Amino acid sequence: MKLAILGSTGPSGIQLVKEALQRGHDVTAIVRNPDKLTEKHDKLKVVKANIFDSDSLEPHFQGQDAVLSCLGCGPSWFSLWTVTFYTDSAKPIVTALRRANVKRFIFMAAWYTKYSSTDPFMITWVIKPIFLGQVLKNMGEMEDYMEVECPDIEYTSVRPPQLTNTETTGATVLFHEGQRVPSEKRLVCCRRDAARFMLDAAESGNFKRKCIAIASG
Ligand SMILES: NC(=O)c1ccc[n+]([C@@H]2O[C@H](COP(=O)([O-])OP(=O)(O)OC[C@H]3O[C@@H](n4cnc5c(N)ncnc54)[C@H](OP(=O)(O)O)[C@@H]3O)[C@@H](O)[C@H]2O)c1
């Protein structure tokens with residue numbers, strides 16, 4: 001497949017680039033700082049673009065089978081500052097997808113992007129108010145935007161829990177359509193497993209217009 005990857009210089013994005021190349025795909029890594037991506041491969045093209053500008057993105061989306069994103073803006077301490085990064089970037093990305101006639105868009109979000117009264121105490125009263133509330137809220141707003149305003153886009157929101165840099169065991173990645181993967185154990189997801197799941201979704205065409213929680217098995 002021909003795949004464009006946003007956020008390729010981040011710790012998850014680079015795993016997605018490596019996994020895609022290992023699977024034989026043609027990869028266009030769209031970055032803001034090409035010097036940061038040191039990976040070299042015959043099937044890897046690195047281009048510079050502005051994720052907030054559809055005119056800048058569109059030429060690199062032309063001819064792609066899918067666009068995948070591991071973009072992220074980091075935690076928002078004490079959730080004092082409103083985060084708009086995910087919706088601000090989603091809108092030009094969707095405009096560029098439409099102009100380039102690319103339907104498939106797979107992006108990384110997180111567990112707990114929406115409020116639920118059944119969420120664990122730590123999520124509702126510690127993690128969201130102190131660390132990640134605004135980030136998760138804006139990821140949820142991006143998911144809502146894709147669902148409500150982009151009926152023409154075959155999106156998949158891939159929602160991992162805490163990400164780790166450990167090696168993949170190669171085990172089947174756990175998944176569940178919803179806020180989290182139900183389990184008695186505390187689950188995490190290694191970044192390579194998240195990459196494997198995103199590429200499985202791109203290759204299979206599964207999970208279109210769905211938000212899927214994942215975790216390492
Ligand atoms: N960390 C976790 O435990 C965890 C858990 C669940 C979900 N997530 C989410 O999963 C996603 C990936 O997380 P991660 O920790 O692997 O990566 P990350 O550190 O959030 O990576 C950020 C990526 O986005 C790019 N980026 C940020 N601002 C940009 C801008 N203004 N223009 C262009 N590119 C920009 C960065 O590019 P530069 O390299 O140029 O800065 C980098 O490639 C994020 O959305 C994160 O919130 C993280």
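**Exercise 1. Composition of the cavity lining**

In this predicted model, determine how many nonpolar, polar and charged residues line the largest cavity.

*Solution.* Step 1: Establish the cavity. The structure contains one cavity of 30 Å³ or more, and the largest cavity encloses about 60 Å³ of space.

Step 2: List the lining. Its residues are Ser69, Cys70, Leu71, Tyr86, Ser89, Ile93, Phe107, Met108 and Met142.

Step 3: Assign the elements. Two or more lining residues are given by each of α3 (85-99) and β5 (104-108). The largest share, three residues, belongs to α3.

Step 4: Sort by class. The lining has seven nonpolar residues, two polar residues and no charged residues. Because Tyr and Cys count as nonpolar, Tyr86 and Cys70 of the lining fall in the nonpolar class.

**Exercise 2. A nonpolar surface patch**

Identify which residues make the nonpolar surface patch of about 420 Å², and decide whether Trp125 is buried or exposed.

*Solution.* Step 1: The patch is formed by Phe121, Met122 and Trp125.

Step 2: Trp125 is located in helix α4, which spans residues 121-149.

Step 3: The relative accessible area of Trp125 is 58%. Since exposed means over 50%, Trp125 is classed as exposed.

**Exercise 3. The setting of Leu174**

State in which strand Leu174 lies, classify its exposure, and give its separation from Glu39 in sequence and in space.

*Solution.* Step 1: Leu174 belongs to strand β8 (residues 174-177).

Step 2: With a relative accessible area of 33%, Leu174 is partly exposed, because this class lies between the limits of 20% and 50%.

Step 3: Leu174 and Glu39 are separated by 135 residues in sequence and by 29 Å in space, C-alpha to C-alpha.

Conventions
Residues are numbered from 1 along each chain as its sequence is written. This is a predicted model: local features need pLDDT of at least 70, side-chain atom pairs count only at pLDDT 80 or more; totals for chains, interfaces and linings use all residues. Side-chain values use heavy atoms; hydrogens and water are left out. Patches are made of residues with over 30% relative accessible area and no salt bridge: like charges are joined within 9 Å, nonpolar side chains (Val, Leu, Ile, Met, Phe, Trp, Tyr) within 5 Å. Accessible areas come from the Shrake-Rupley method with a 1.4 Å probe; for residues, only the protein chains shown count as cover. A salt bridge is a side-chain nitrogen of Lys or Arg within 4 Å of a carboxyl oxygen of Asp or Glu. Helices (H or I, at least four residues) and strands (E, at least two) are DSSP runs, numbered from the N terminus. Buried means under 20% relative accessible area, exposed over 50%, partly exposed in between (1.4 Å probe, protein chains only). On a 1 Å grid over the protein atoms alone, a cavity is a set of points where a 1.4 Å probe fits but cannot get out, and a pocket is an open set with protein on both sides within 12 Å along at least five of seven lines; lining residues have an atom within 4 Å of a point. Grid points are joined across faces, edges and corners, and a volume is the space filled by probe spheres set on the points.
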